Amino acid sequence: MDLKTMKKNIAIMLLLAMVLLLAACGGATATAPDEKTIENVLSSELVEEKSDELFIGEITEIKLDEVNDNKVNITKAGEYMLSGSFEGQIVVNTQKDSKVKLVLSNAEIKNNDCCILVMQADKVILSTEDGSTNSIICGGDFRAGSKVDGAIYSKDDLQLSGHGSLSISCDGGHCAVSKNDIEIKNIDLSIKADKKGIKAGDELNMKSGIVNIEAGTEGIEALIVNIEDGTLNIISGDDGINAAERNSKPLDEPEVNILGGDITICAGGDGIDSNGDINISGGSLTVNEIGGADYQALEADGKCNITGGKQKLL
């Protein structure tokens, strides 16, 4: 029995029990619940279960071609559909517990400075509409004295997802940055950065998708890197994947964990460099380290544990 059928059966049993109890107490005639009542109960349960993924209410459509200003300010939780071309900045600044979903629908966003800036939110999901083609182009001319240094820069959790494609380029900085976690799901993502491709302050979690990265320095950098599935191709001037210590979390041990996926790295530095452990239990990993004798395909300050998967280290 699948989960949906089980929930439906439980809902029917509970509703019947309630009807019988009310009838016994009040002497009223018991009436069986109809199918619509049951479906309403199930629907409420499903919405609650998937609250991190579903946004209840209307989608706010923003046609970027019609925006007269060079800034779009998003100050409330909810789902926003962005389409068309725009030269300027999207700023998300909501309540601390708010979730915001930005759906790109054949959108092109250009800016000399950061293109999408998340000042405050609980989590921002940057998604691509099914079948859409989207681009974010950053000139890398960041404001002097600012810590913002990416085409996408988030002070809170960031998810990159959807069943469309997104290309991100940044001439003078990183492409996607979060001070907290970054999660990647399903998306077809292409990245070209002068500096780091993807940088997360805490965890980088790749669950699925296709990700192609060309980076001047590190391809991916985070305190902890988890790759569960998907296709990941990295060409980097320095380390392909780097698990680095974070000064604000000195007790947290850096780690690279590869559980699955198809990973190819061509690195000018180490292929995978961890200030802690490297753990490989699945997937297919090919590393072409071209930096010379000072670098290695797998470099761990802690332990390098290989218990599964396929590795080709050149």
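This is a short guided tour of the structure, one selection at a time.

Before you start, note that this is a predicted model, in which local features need pLDDT of at least 70, side-chain atom pairs count only at pLDDT 80 or more, and totals for chains, interfaces and linings use all residues. Residues are numbered from 1 along each chain as its sequence is written, and side-chain values use heavy atoms, with hydrogens and water left out.

**Stop 1: strand β3 and its partners**

Select residues 78-87, which make up strand β3. Helices (H or I, at least four residues) and strands (E, at least two) are DSSP runs here, numbered from the N terminus. Seven of the 10 residues in β3 are buried; buried means under 20% relative accessible area, exposed over 50%, and partly exposed in between, using a 1.4 Å probe and protein chains only.

Now add residues 60-63, strand β1, which runs parallel to β3 and is joined to it by four bridges. Two strands count as paired if DSSP finds at least two bridges between them. To see one of these bridges, pick isoleucine 62 and its partner in β3, leucine 82.

Next, add residues 99-111, strand β5, which pairs with β3 in the parallel sense over 10 bridges. Here, serine 85 has glutamate 108 in β5 as its bridge partner.

**Stop 2: the nonpolar core**

Stay with β5 for a moment and show Ile90, Leu102, Leu126, Leu204, Leu232 and Ile241, the residues with the most contacts inside the largest nonpolar core, which has 70 residues. Such a core is a set of buried Ala, Val, Leu, Ile, Met, Phe, Trp, Tyr and Cys residues joined through side-chain atoms within 4.5 Å. Strand β5 gives the most to this core, with five residues. In soluble globular proteins, nonpolar side chains tend to be buried together.

Which residues does isoleucine 90 touch? Not counting residues up to four places away in sequence, its neighbours include Leu64, Val72, Leu82, Leu102 and Ile116. A contact here means heavy atoms within 4.5 Å.

**Stop 3: two asparagines with positive phi**

Select asparagine 106, which is in strand β5. Its phi is near 55°, a positive value in a residue other than glycine. Asparagine 106 is partly exposed, at 48% relative accessibility.

Then jump to asparagine 186, in the loop between β13 (182-185) and β14 (188-193). This residue is not a glycine either, yet has a positive phi of about 70°. Its relative accessible area of 38% makes asparagine 186 partly exposed.

**Stop 4: threonine 128**

Go to strand β7 (residues 123-128) and select threonine 128. Is threonine 128 buried or exposed? At 1% relative accessibility, it counts as buried. Its side chain reaches the backbone nitrogen of glycine 164 at 2.9 Å. Show the surroundings too: beyond four places away in sequence, threonine 128 touches residues including Val103, Leu104, Asn134, Ser161, His163 and Ile187.

**Stop 5: salt bridges**

How many salt bridges are there? The count comes to three, where a salt bridge is a side-chain nitrogen of Lys or Arg within 4 Å of a carboxyl oxygen of Asp or Glu.

- Select aspartate 122 and lysine 99, whose closest N and O atoms are 3.0 Å apart. Aspartate 122 lies in the loop between β6 (116-120) and β7 and lysine 99 in strand β5, so the pair ties together parts that are 23 residues apart in sequence.
- Select glutamate 218 and lysine 196, which meet at 3.5 Å, N to O. The first lies in the loop between β17 (210-215) and β18 (220-222), the second in the loop between β14 and β15 (198-200), 22 residues apart. Both glutamate 218 and lysine 196 are buried.
- Select glutamate 228 and lysine 207, which meet at 3.1 Å, N to O. Glutamate 228 is partly exposed at 35%, and lysine 207 is partly exposed at 30%.

**Stop 6: the cysteines**

Finish with the sulfurs. The count of disulfides is zero, a disulfide being a pair of cysteine sulfur atoms within 2.5 Å. Select cysteine 175 and cysteine 170: the sulfur of cysteine 170 is the closest cysteine sulfur to that of cysteine 175, but at 5.7 Å it is too far for a bond. Cysteine 175 is buried, at 0% relative accessibility, whereas cysteine 304 is partly exposed, at 38%.

Technical notes:
A polar contact is a pair of N or O atoms within 3.5 Å; within protein, one must be able to donate a hydrogen and the other to accept it, and residues adjacent in sequence count only if both atoms are side-chain atoms.
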